[in-house]
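Hi,

Here is the structure I said I would pass on. Have a look through it first, and then read my notes underneath.

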2 protein chains.
Amino acid sequence: MGLEIICTGDEVLTGKIVNTNYSYISQKLEDVGLAVRWGTTVGDDRESLLRAFQLAAARADAVIVNGGLGPTVDDLSQEIAARAAGVELVLHEAWLTRMEEFFRRRSRTMPPNNRKQAMLPATAELIDNPIGTACGFALDIGRARFFFTPGVPRELRRMLEEQVIPRLLALSGLQAAIHLKRFHSYGLGESHVDSLLAGLEALVPDGSVKLGFRAHYPQLETKLTVRGADMDDVRRKLDPLAREVRKRLGNFIVAEDEETLEGIVLDALASHRASLSIVETFTGGQIAARLAHLPGAEAVFRRGVVARDLGEIRAAVGLDEATPTAEAVAGVARQRTGATHALAVLIDLDAGADRIDLGGTIHLAIATAQGVATRRSRILGGREWVRLGAVELALDCLRRHLLGLPVVERIDFEKT
Amino acid sequence: MGLEIICTGDEVLTGKIVNTNYSYISQKLEDVGLAVRWGTTVGDDRESLLRAFQLAAARADAVIVNGGLGPTVDDLSQEIAARAAGVELVLHEAWLTRMEEFFRRRSRTMPPNNRKQAMLPATAELIDNPIGTACGFALDIGRARFFFTPGVPRELRRMLEEQVIPRLLALSGLQAAIHLKRFHSYGLGESHVDSLLAGLEALVPDGSVKLGFRAHYPQLETKLTVRGADMDDVRRKLDPLAREVRKRLGNFIVAEDEETLEGIVLDALASHRASLSIVETFTGGQIAARLAHLPGAEAVFRRGVVARDLGEIRAAVGLDEATPTAEAVAGVARQRTGATHALAVLIDLDAGADRIDLGGTIHLAIATAQGVATRRSRILGGREWVRLGAVELALDCLRRHLLGLPVVERIDFEKT
């Protein structure tokens, strides 16, 4: 099925805002097995919109249009959709009533210009927006089915997932029951994970499984899309595949689906009724900043200490040794703050100006009442790369320690 | 001048990466007074590329193409450009030599497939890439001048600014001497700044000044583009305008051009030969994380302490009071760590689940040998909004204190 996306709006056209709606829509469609073939960006301008709609109508089977459904004069999507389809705009009474209720529930009167949002092309099918005043709609222009969606990200997301994708899957003739399973890993590069998972798709020989990746250093996301006759069918195919992914990627999977590494660490600490103190240097507070603000962290996060100077670290935790080791720092930080767990991350950063081969040596220790676990790692790639890598390594070692996994396991990013 | 952008590549088309190159190019062109009229995204696919080039060639005066100049088989820009222009691909000997040198300087032999990067359409004008192996080029297709640029962001940026924009300005007939002046402010909303700067463009009556904004909460960027016959002319117009902006926005300007708020704070501390300790709660280490990792911070940043619990803060800084105030915490943190300056940011976050009207009350104090300055602020808008706002408020109060400006000055984001 030939599928296109048209993004409208001066702010997107001029780059004033980065077009994350485009990548969101495109990824969501990829995830359900629908490939986007063409993307167009135009401003709030009648001539460009009409031309964009006409070109897509002649090329595609289905088109998603984003933006231009608001109440102001520069919101033109309904008007130009009607013109491109050669039909009139008519008032959609049911949506007008919904909007009036929307304002009434908020103890406000609907401003007159919102009425415009209930004017739809005569042949349009209304698409519900349960959380805003901009309804979506679908209609045929030329040979293509067009789906109009709001520019507000949370309204777009809800409408796309609940309303538009099921319609697209029905149009495409693809099996409509579908599930996207995601694995978040740390420590393995994309090509390494790709080779570890070689042959995975073929375990389900009917072609209904698709494997994909999304790298955002330091983490990698592995995506498994499974299609079936119904959700039971999908589940039947997915369960053994998910087990296989967990087996092949092993300890490197840090979280699945909506989970995060820091959320897993926080949950593990909470379930152990544990508490955590952190001592960090060049990471500058960023390890603490991943955890300490989360809901629930107030009961778990004990204390964070940041200093760039080892002497200062020594003074802060109350340690006598001239050159304190990460082990010593973690041990004494645990005792002094009364936490069950203490993490110390001391970094020797290479001297000199930032450069692509600037590295850092990360000395990491986790102290508990039972003893101290340590990890040493060297990462190259410039200040930013070392810092981001060290934050992730620290959180991952904490996860491994809390879950009883080996804290020391070689990762692709480190040099020895 | 009708101007278009074509972004190529499967990763951009499928949303696997967010298309920040598009917004970068578009903003840069806006900044020099060139408005983009149409954006197209296509994959690494011969048919789509050819169609995209042909459509743009019929519509536009100038087109910037991004991506597809690499050495691999899915990099197709040169091939399709030649086909669209109806010319042959020929080897550009000078660029081949440059590439061979590029590899020789890195003690490597050029792989054979890089030779492809020196194959250019016969009528192309080479555009230099001083930092990579993908040269750019320009050629006419249909009625439009096409400019081909590499997808690697730093190579794109350098080529666009140094090579492509001057050529576009020459094509457009606009005055080519141009300067973009940027002011970063904190505490005033976009519409407020817009009204404060009303009439500014008209101070230079020849229309050569353009005012624009870019909001990224909590900061706002005000952009002033000035055009002239030569750089002296530009400077003559800009200087009084910049003074006027500084006068009207006053203490709310936190930095200009490439400067950052945290960089200004660090420089001010360094020039006072001062040192800084920070105590924070719900911000979770993020105030420290903005400063502590910067080059030079190792000499200025003394110590950061993070805790979610006031009792823990008390224990960490060694304070006896049962309910410590920000003043008391900052005072004792300064004494205990021997820093010249101490910042304490204690936040009372509203109870309950996150919601759009969840707020936080920020108690902020800056202690020096001369005394303690305080600031209290209430921000509404959910956990994330409160946290981001508090980090910025803290850094801005520090800036104000260090520069001798009033620490207390009402901002648009706070409720009282």
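Before anything else, a word on element names: helices (H or I, at least four residues) and strands (E, at least two) are DSSP runs, numbered from the N terminus. With that in hand, A:Pro218 sits in the loop between β10 and β11 (219-228) of chain A. Keep in mind throughout that this is a predicted model.

That proline is worth a click. The peptide bond between A:Tyr217 and A:Pro218 is cis, with omega at about 5 degrees. Chain B has a cis bond too, joining B:Tyr217 and B:Pro218, again with omega of about 5 degrees. B:Pro218 lies in the loop between β10 (209-216) and β11 (219-228) of chain B. One more backbone item is A:Ser107, which has a positive phi near 55 degrees without being a glycine. Look for A:Ser107 in the loop between α5 (93-105) and β5 (119-121) of chain A. As background, most residues other than glycine have a negative phi, and most peptide bonds are trans.

Next, the domains. Chain A splits into domain 1 (3-172), domain 2 (177-256) and domain 3 (261-415). I looked at how domains 2 and 3 of chain A meet. Their C-alpha centres are 30 Å apart, and 13 residues of domain 2 touch 19 residues of domain 3. Together they bury about 1500 Å², with carbon and sulfur atoms giving 58% of that area. Which three residues of domain 2 supply 50% of the area it buries against domain 3? They are A:Tyr186, A:Tyr217 and A:Asn251, and no other three residues supply more. So you meet A:Tyr217 twice, given that A:Tyr217 is also one partner in the cis bond to A:Pro218. As for salt bridges between domains 2 and 3 of chain A, the rule finds zero.

Now the two chains. Chain B puts 54 residues into the contact and chain A puts in 54. The area buried between them is about 4500 Å², and carbon and sulfur atoms give 53% of it. On the chain B side, B:Lys16, B:Trp38 and B:Arg308 lose the most area to chain A, together 15% of what that side buries. A search of the whole structure turns up 70 salt bridges over all chains, and six of these cross the interface of chain B and chain A. Here are two to pull up:

- B:Glu190 pairs with A:Lys16, the closest N and O atoms being 3.2 Å apart. This bridge runs from helix α7 (residues 190-196) of chain B to the loop between α1 and α2 of chain A.
- B:Arg308 pairs with A:Glu298, with 3.7 Å between the closest N and O atoms. B:Arg308 is also among the residues named above for the area lost to chain A.

On to the empty space. The largest pocket holds about 990 Å³. Of its 37 lining residues, B:Glu11, B:Ile17, B:Gly151, B:Val152 and B:Pro153 are the closest to the centre. Both chains take part: β10 (209-216) of chain A gives two or more residues, as do β1 (3-8), α1 (10-13), α2 (20-31), α5 (93-105) and α6 (153-172) of chain B. The largest share, three residues, comes from α1(B). By class, the lining has 13 nonpolar, 13 polar and eleven charged residues.

The second largest pocket has a volume of about 630 Å³. It is lined by 28 residues, and the closest to its centre are A:Ile17, A:Gly67, A:Gly68, A:Gly151 and A:Val152. At least two lining residues come from each of β1 (3-8), α1 (10-13), α2 (20-31) and α6 (153-172) of chain A, and α1(A) gives the most, with three. Its lining divides into ten nonpolar, twelve polar and six charged residues.

Finally, how many cavities of 30 Å³ or more does the structure hold? There is one, with about 120 Å³ of space. Among its 14 lining residues, A:Asn19, A:Thr41, B:Asn19, B:Tyr22 and B:Thr41 lie nearest the centre. The largest share of this lining, three residues, comes from β2(A). Six of the lining residues are nonpolar and eight are polar, with no charged residues.

Cheers

Technical notes: Residues numbered from 1 in each chain as written. Chains lettered and ligands numbered in written order. Predicted model: local features only at pLDDT ≥ 70, side-chain atom pairs only at ≥ 80, totals over all residues. Heavy atoms only, no water. 1 Å grid on protein atoms, 1.4 Å probe; cavity = no way out; pocket = protein on both sides within 12 Å on 5 of 7 lines; lining within 4 Å. Points joined across faces, edges and corners; volume = space filled by probe spheres on them. Nonpolar A, V, L, I, M, F, W, Y, C, P; charged D, E, K, R; others polar. Domains from an automatic or database assignment. Contact = heavy atoms within 4.5 Å. Buried area = accessible area lost by both parts, 1.4 Å probe. Salt bridge = Lys/Arg side-chain N within 4 Å of Asp/Glu carboxyl O.
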